[in-house]
Amino acid sequence: MYLNLFAPSTVAGDVGRALFLAGGRRRTLAMTTVLADRGIGFVALAWVAAAAILLLPNYPSQGALLERGDRPPGGRVTLALGPLRAVRFLSSHNRWRVMVEQQLAPYWSDYRLLGVSFTLATVFHLVQIGTQILIAWALALHIPWTFFLIFVPIVNIAGMLPISLNGVGVREAGYWYFLSLIGVDRELAIALGLLSSAVCWRPT
């Protein structure tokens with residue numbers, strides 16, 4: 001997370017994680033695990049937001065979000081099979097095809113592993129959302145906890161865009177926009193965004 005402060009989005013942190021995981025060996029394979037982690041985390045965030053939009057009380061933003069196609073991302077999950085199909089045009093001995101079809105085989109066939117990974121990613125994001133609810137309570141903000149399940153995943157996904165360092169600015173703007181829809185003052189919304197970032201970045 002510290003490295004993410006020095007490059008757009010999470011690029012630097014992902015490269016750092018891959019290098020640490022590789023330990024000087026099999027860097028490409030290590031990078032695929034980092035990318036898989038990002039992909040699974042993205043799908044988990046999208047499902048949390050989509051489920052909240054569909055199932056929880058109506059808020060001003062929900063109609064617009066549904067019209068823009070923010071529904072459960074079943075189609076996005078199928079995109080994970082893209083690499084497996086793409087390498088079929090390569091020679092059977094090509095190192096990229098060997099890596100995708102053999103070394104990355106768990107991504108295509110080990111549904112239990114993927115299920116556990118998705119569950120852990122969902123729990124992680126729900127815990128993160130819970131910390132932001134607690135921060136809002138500490139600021140004496142009377143925001144329904146259900147609204148956090150809708151806007152926090154969307155803001156976090158927007159923070160992945162490579163237009164800022166570790167989502168700084170994008171996150172606060174997202175808090176400002178979504179919380180203004182339910183009448184929260186701009187200053188308090190930005191304060192909540194800044195404090196949420198500070199809690200996430202605080203070293204353990």
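Here is a short dialogue between a student and a tutor about reading this predicted model.

Student: I'm new to this one. What does the secondary structure of the protein chain come to?

Tutor: Keep in mind that we're looking at a predicted model. Its secondary structure comes to 11 helices and 0 strands. Read from the N terminus on, the elements run α-α-α-α-α-α-α-α-α-α-α.

Student: How many residues does the protein chain have, and what percentage of them is buried?

Tutor: The chain has 204 residues, and buried ones make up 37% of them. As for the outside, the accessible surface comes to about 12,000 Å², and 67% of that belongs to carbon and sulfur atoms.

Student: And what about contacts between residues far apart in sequence? What share do residues 24 or more positions apart account for?

Tutor: Count the contacts with a separation of 6 or more, and residues 24 or more positions apart account for 61% of them.

Student: Let's take one helix. How do I check the length of H1?

Tutor: The idea is to allow 1.5 Å a residue, so the 12 residues of H1 should span 16 Å. The end C-alpha atoms of H1 are 17 Å apart, which agrees.

Student: Which residues of H1 are buried?

Tutor: In H1 the buried ones are Ala12, Gly13, Asp14, Gly16, Ala18 and Ala22. What they pack against is helix H2, residues 27-55. Just after H1 comes glycine 23, with a positive phi of about 60°.

Student: I see Asp14 in that list, and it's charged. How should I read charged side chains?

Tutor: Start with the general idea: side chains of opposite charge can pair when their charged atoms come close. In this structure the count comes to 4 salt bridges.

Student: Which residue forms a salt bridge with aspartate 14, with the closest N and O atoms 3.2 Å apart?

Tutor: That one is arginine 17. Both sit in helix H1, 3 residues apart, so about one helical turn separates them. Aspartate 14 has a relative accessible area of 9%, so it counts as buried. Arginine 17, at 33% relative accessibility, is partly exposed.

Student: Where does arginine 38 come in?

Tutor: The side chain of arginine 38 also meets aspartate 14 in a salt bridge, at 3.1 Å from N to O. Arginine 38 lies in helix H2 and aspartate 14 in helix H1, so the pair ties together parts 24 residues apart in sequence. Arginine 38 itself is partly exposed, with a relative accessible area of 29%.

Student: What does arginine 17 do with aspartate 37?

Tutor: Their side chains meet in a salt bridge too, 3.0 Å from N to O. This pair links distant parts of the chain, with arginine 17 in helix H1 and aspartate 37 in helix H2, 20 residues apart. Aspartate 37 is partly exposed, at 39% relative accessibility. Put the shared partners together and you get one network of salt bridges, joining Asp14, Arg17, Asp37 and Arg38.

Student: Let's move along the chain. Is threonine 122 buried or exposed?

Tutor: For this you need the cut-off: buried means under 20% relative accessible area. Threonine 122 has 18%, so it is buried. You'll find threonine 122 in helix H8. Leaving out residues up to four places away in sequence, threonine 122 touches Ala44 and Val48.

Student: Now the loops. Where is proline 144?

Tutor: Look in the loop between helix H8 (111-138) and helix H9 (145-159). At 36% relative accessibility, proline 144 counts as partly exposed. Try comparing positions in sequence and in space as well: proline 144 and isoleucine 182 are 38 residues apart along the chain, and their C-alpha atoms are separated by 9.7 Å.

Student: One last feature, the surface. Which residues make the nonpolar surface patch?

Tutor: Tyr2, Leu3, Leu5, Phe6 and Val168 make a nonpolar patch of about 490 Å². Take leucine 3 as an example: its place is in the segment before helix H1, which covers residues 11-22. Leucine 3 counts as partly exposed, at 36% relative accessibility.

Notes. Residues are numbered from 1 along each chain as its sequence is written. This is a predicted model: local features need pLDDT of at least 70, side-chain atom pairs count only at pLDDT 80 or more; totals for chains, interfaces and linings use all residues. Side-chain values use heavy atoms; hydrogens and water are left out. Patches are made of residues with over 30% relative accessible area and no salt bridge: like charges are joined within 9 Å, nonpolar side chains (Val, Leu, Ile, Met, Phe, Trp, Tyr) within 5 Å. Accessible areas come from the Shrake-Rupley method with a 1.4 Å probe; for residues, only the protein chains shown count as cover. Helices (H or I, at least four residues) and strands (E, at least two) are DSSP runs, numbered from the N terminus. Buried means under 20% relative accessible area, exposed over 50%, partly exposed in between (1.4 Å probe, protein chains only). The expected span of a helix is 1.5 Å times one less than its number of residues. Contact means heavy atoms within 4.5 Å.
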